[in-house]
Number of protein chains: 2
Amino acid sequence: MVDGATQGGAPADRPRTMYQKVAADLRQAITEGGYGSGGRLPAEGDLAQRYGVSRGTIRQALSVLRTDGLVTSRRGTRRVVLGTERVQSFGELLSFTRWARSIGEKPGGRVVGLTRRPADETERDQLRLVAGAFVYRVLRIRTLSGRPAMVERTVYPEHIGALIARLKPDAVSHTVRLEEQGVMIADAQHTVDLVRADADDARLLGCRPGDALLRERRRSTDPAGAPIEWSDDRYLPGTVAFTVHNSAASGSLARRRGTPPPPNN
Amino acid sequence: MVDGATQGGAPADRPRTMYQKVAADLRQAITEGGYGSGGRLPAEGDLAQRYGVSRGTIRQALSVLRTDGLVTSRRGTRRVVLGTERVQSFGELLSFTRWARSIGEKPGGRVVGLTRRPADETERDQLRLVAGAFVYRVLRIRTLSGRPAMVERTVYPEHIGALIARLKPDAVSHTVRLEEQGVMIADAQHTVDLVRADADDARLLGCRPGDALLRERRRSTDPAGAPIEWSDDRYLPGTVAFTVHNSAASGSLARRRGTPPPPNN
DNA sequence: AAGTGGTCTAGACCACGAT
DNA sequence: TCGTGGTCTAGACCACTTG
């Protein structure tokens with residue numbers, strides 16, 4: 001049977017299925033340079049024999065690596081190693097806290113404003129709410145090793161916001177707290193552009209109004225497709241860069257340290 | 001048998017295989033609102049029967065839609081429509097010209113500088129060249145309906161650059177010209193961040209040195225994994241935004257009109 | 001308990017690249 | 001021509017969600 005982009009559990013989890021085990025194994029071999037950059041992988045049939053699974057399972061594993069941009073694939077020739085870079089997990093992308101830790105910085109956060117009120121039309125549209133529904137709006141300053149890095153404005157539907165409202169103002173990771181209460185994020189849509197700091201941004205980030213900021217707007221949904229949050233995050237210049245790999249039918253986004261050396265693979 | 005992220009020909013092409021036909025069919029039904037936003041798709045088995053194919057082929061088709069962020073998928077329940085937005089093609093992302101046309105603007109371009117010289121270390125690293133190899137560097141201003149929008153600095157390995165060097169300075173699309181000569185781009189790695197305009201940027205874009213620009217750096221490779229170009233594109237504020245959908249194991253990047261209304265799905 | 005999608009098998013044939 | 005990955009089939013069993 002066929003499969004597709006294989007949702008598979010978060011790559012952060014321990015591999016549970018055969019194709020995840022194979023993928024993890026091959027990923028390690030690749031990132032450790034076992035095949036070299038530009039090197040060729042064994043044929044699918046060989047891998048199937050080596051791991052004692054069907055060719056289909058091997059293809060499922062390889063599709064994961066292809067989506068991550070680690071290998072090519074084309075008819076007629078063996079797969080080629082495209083890059084040997086570590087791939088960022090979905091969790092690191094969604095959580096400022098996890099991202100900060102993954103790059104060796106100490107994350108901080110403080111809620112500056114929290115209100116509950118009826119959703120306006122844009123919010124109803126984004127969160128798929130009916131007229132009259134309430135939302136929570138959270139304004140929050142995020143720091144890296146004590147220095148202001150980002151201003152976050154997040155809108156939650158009422159049942160999620162109620163959980164957020166109970167957290168301490170300086171709770172480090174709202175995302176992790178939500179996970180602990182069983183709120184899972186399965187999909188996210190991101191928009192990255194450049195925006196001018198308004199008065200609030202300037203005050204909280206310590207810049208001047210009108211200064212340019214890198215903005216990421218994000219809409220996240222749970223496994224059932226129900227909106228969980230709608231956020232507008234504004235980063236000081238030099239704080240982050242966003243990277244994406246894509247091919248004819250794939251791609252993924254990663255958040256990286258600001259103005260990093262040119263991507264190396 | 002299993003399959004994966006299904007490289008399938010460019011979605012721009014006419015569907016050639018069964019799963020592409022099914023995917024195109026379902027995509028149209030979804031974007032036309034046939035299932036509604038948040039609606040549920042028929043079961044895989046039902047679709048298999050309706051199209052007269054195996055369940056595996058249906059799953060392959062659905063994996064395409066899942067990668068595009070159009071539908072969810074989880075065990076136990078039918079797939080749910082996540083969004084009904086048009087998905088941008090790989091070609092529109094890679095080619096400024098095609099993108100501009102897709103949003104109804106008239107694209108323009110003019111080569112301002114073209115040099116051939118030995119690659120420096122960074123260029124050798126990016127383009128996977130050996131010491132002593134030559135590269136072409138192209139500096140180019142891009143316009144939307146006559147107004148400057150972006151400055152493009154692209155480095156090509158010698159065999160590709162030689163083709164570019166033969167084009168007229170105001171050739172509209174280098175990407176399309178390369179395609180006509182059989183140069184195909186199969187994968188690309190993007191990095192998006194914020195950068196200050198240098199003297200060249202300011203002169204060509206008509207802004208002041210030090211002004212903030214949205215930068216996209218890109219490394220593209222052919223189907224065999226060989227680097228084709230390494231580019232540094234700098235957009236005037238408000239010109240573009242980049243969007244990405246991702247989930248546990250997928251994602252894709254799209255270029256949009258600058259500071260658009262909040263993403264609608 | 002029934003319905004549904006996720007994983008896996010064991011084949012088949014085809015399209016393409018390299019030799 | 002031969003090896004390789006791409007497409008497709010027809011099953012099987014399992015994990016999960018929902019009533």
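**Notebook: cysteines, ring pairs and charges over rings**

I began with B:C207 and recorded it as buried, because its relative accessible area is 18%, and the cut-off for buried is under 20%. The model I am reading is predicted. I then looked up A:C207, which has a relative accessible area of 17% and is therefore buried by that cut-off.

I next searched for disulfides and found 0 over all chains. I noted for reference that a disulfide is a covalent bond between the sulfur atoms of two cysteines.

I turned to the aromatic rings. How many aromatic pairs does the structure hold over all chains? The count is 4. I examined A:Y235 and A:F242 and found their ring centres 6.1 Å apart; their planes stand at 75 degrees, so I entered the pair as edge-to-face. I checked burial for these two residues: A:Y235 is buried, and A:F242 is buried as well.

I repeated the reading in chain B. The rings of B:Y235 and B:F242 have centres 6.1 Å apart and planes at 75 degrees, so this pair is also edge-to-face. I recorded a relative accessible area of 0% for B:Y235, which is therefore buried. For B:F242 the value is 2%, so I listed B:F242 as buried.

Last, I looked for charges over rings. Which residue lies over the face of A:F134? I found A:R116 there, at 4.0 Å from the ring centre. In chain B, I found the charged end of B:R116 over the ring of B:F134, with 4.0 Å to the centre of that ring.

Conventions:
Residues numbered from 1 in each chain as written. Chains lettered and ligands numbered in written order. Predicted model: local features only at pLDDT ≥ 70, side-chain atom pairs only at ≥ 80, totals over all residues. Heavy atoms only, no water. Disulfide = S-S within 2.5 Å. Buried < 20%, exposed > 50% of the residue type's maximum accessible area, 1.4 Å probe, protein only. Phe/Tyr/Trp six-rings, centres within 6.5 Å; stacked < 30°, edge-to-face > 60°. Lys NZ or Arg CZ within 6 Å of the ring centre and 35° of its normal.
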